[in-house]
Every structure is written in structure tokens, then in C-alpha cells.
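Work through the exercises below with the model open beside you. Each one sets a task, then solves it step by step.

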Amino acid sequence: MSDMMSFMSNLLVPATSEATYTAYRIVSLILLLIMFVSALVAIIIVLIQPGNSTGIDALGGSSETFFGKNKGRSLESKMKRWTVISLIVLAIFAVAFYVLQVW
């Protein structure tokens, strides 16, 4: 674990002063950690979700069921919502990390 952290910190470009470089490394590592956690959450949630297709039943058309009417309140819709949220968080922090690297 420590080897990976030292490898990631060696990828960072050194700043002009020691204090700025330390702050730069801390912020970069925090952003990497947040991106790692949000990507892991998105992967786990996507793997837990059931598939959207109904298999051979889809050929005959879909019938309205109780679960279809209340889809907005079901566990499946909550998992989809959390998937979108975690991917948005990942995208925002990836852009922030890129801007920090370029700056």
C-alpha cells in the first residue's frame, strides 16, 4: 500500500516551495482517494443491479404491473439514482484533479 502511495505521489509535479508542494500533494491524494471510492461504489452498485431486459417475455409486449407503476419508489430506482450520483462525483473530481495537475 505504501509503495502505491509513493508511486502516485512521485507522479505529481513538484511546486516551487516546500509548503506549496506539500499542500499540492495532500490535495492530489485526497482527490485520488475520493475518485477511487466513488468508482468502487459505482462498480459495486452496477454489479448488484438486476438487468433491464425481461428475456423472452419482452417479445410479447410488456404488461403494467404494480412494480412498474411504483418504479420511482423501488429499490432498483434508488440504486440507479446512486449510480448516477457516484459517477457524477467521479467525473467532477476527475476534472478537478486534471485542473490541479495542469495548473
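In which helix does Met-35 lie? Met-35 lies in helix α2. Helices here are DSSP runs of H or I with at least four residues, strands are runs of E with at least two, and both are numbered from the N terminus.

Two conventions first. Residues are numbered from 1 along each chain as its sequence is written. This is a predicted model, where local features need pLDDT of at least 70, side-chain atom pairs count only at pLDDT 80 or more, and totals for chains, interfaces and linings use all residues, while side-chain values use heavy atoms and leave out hydrogens and water.

**Exercise 1. Set out the overall architecture.**

Step 1: count the elements. The protein has four helices and zero strands. From the N terminus on, their order is α-α-α-α.

Step 2: check burial. Buried means under 20% relative accessible area, exposed means over 50%, and partly exposed lies in between (1.4 Å probe, protein chains only). Of the 103 residues, 17% count as buried.

Step 3: check the surface. Areas come from the Shrake-Rupley method with a 1.4 Å probe; for residues, only the protein chains shown count as cover. The accessible surface comes to about 8,100 Å², and 72% of that belongs to carbon and sulfur atoms.

Step 4: check contact range. A contact means heavy atoms within 4.5 Å. Among contacts between residues at least 6 apart in sequence, 77% join residues at least 24 apart.

**Exercise 2. Test the lengths of α2 and α4 against the expected helical span.**

Step 1: set the rule. The expected span is 1.5 Å times one less than the number of residues.

Step 2: apply the rule to α2, residues 18-48. Its 31 residues should span 45 Å, and the end C-alpha atoms are 45 Å apart, which agrees.

Step 3: apply the rule to α4, residues 75-102. Its 28 residues should span 40 Å, and the end C-alpha atoms are 41 Å apart, which agrees.

**Exercise 3. Trace how α2 meets α4.**

Step 1: list the buried residues. In α2 they are Tyr-21, Tyr-24, Ser-28, Leu-31, Leu-32, Met-35, Ser-38, Ala-42 and Ile-45. In α4, Ser-77, Met-79, Thr-83, Ser-86, Phe-97 and Leu-100 are buried. The cover over the buried residues of α4 includes α2.

Step 2: take Leu-31. Leu-31 has a relative accessible area of 9%, so it is buried. Beyond its neighbours within four places in sequence, Leu-31 contacts Phe-93, Ala-96, Phe-97 and Leu-100. Leu-31 and Phe-93 are 62 residues apart along the chain, with C-alpha atoms separated by 6.3 Å.

Step 3: take Ile-34. Ile-34 is partly exposed because its relative accessibility is 30%. With the same neighbours left aside, meaning those within four places in sequence, its contacts are Val-89 and Phe-93. Ile-34 and Leu-90 are 56 residues apart in sequence and 7.7 Å apart, C-alpha to C-alpha.

Step 4: take Met-35. Met-35 is buried at 12%. Outside its neighbours within four places in sequence, Met-35 touches Leu-90, Phe-93, Ala-94 and Phe-97. Met-35 and Phe-97 lie 62 residues apart in sequence and 9.3 Å apart in space, C-alpha to C-alpha.

**Exercise 4. Describe the surroundings of Thr-83.**

Step 1: place the residue. Thr-83 is in helix α4. Its relative accessibility is 9%, so it counts as buried.

Step 2: follow the side chain. The Thr-83 side chain reaches the backbone oxygen of Met-79 at 2.7 Å.

Step 3: look further along the sequence. Setting aside neighbours within four places, Thr-83 contacts Ile-45, Val-46 and Gln-49.

**Exercise 5. Find the salt bridge and explain its spacing.**

Step 1: search. A salt bridge puts a side-chain nitrogen of Lys or Arg within 4 Å of a carboxyl oxygen of Asp or Glu. The whole structure holds one.

Step 2: identify the pair. Glu-76 bridges to Lys-80, with the closest N and O atoms 3.5 Å apart.

Step 3: explain. Glu-76 and Lys-80 are about one helical turn apart because they sit four residues apart in helix α4.

Step 4: check exposure. Glu-76 is partly exposed at 24%. Lys-80 is partly exposed at 29%.

Technical notes
A polar contact is a pair of N or O atoms within 3.5 Å; within protein, one must be able to donate a hydrogen and the other to accept it, and residues adjacent in sequence count only if both atoms are side-chain atoms.
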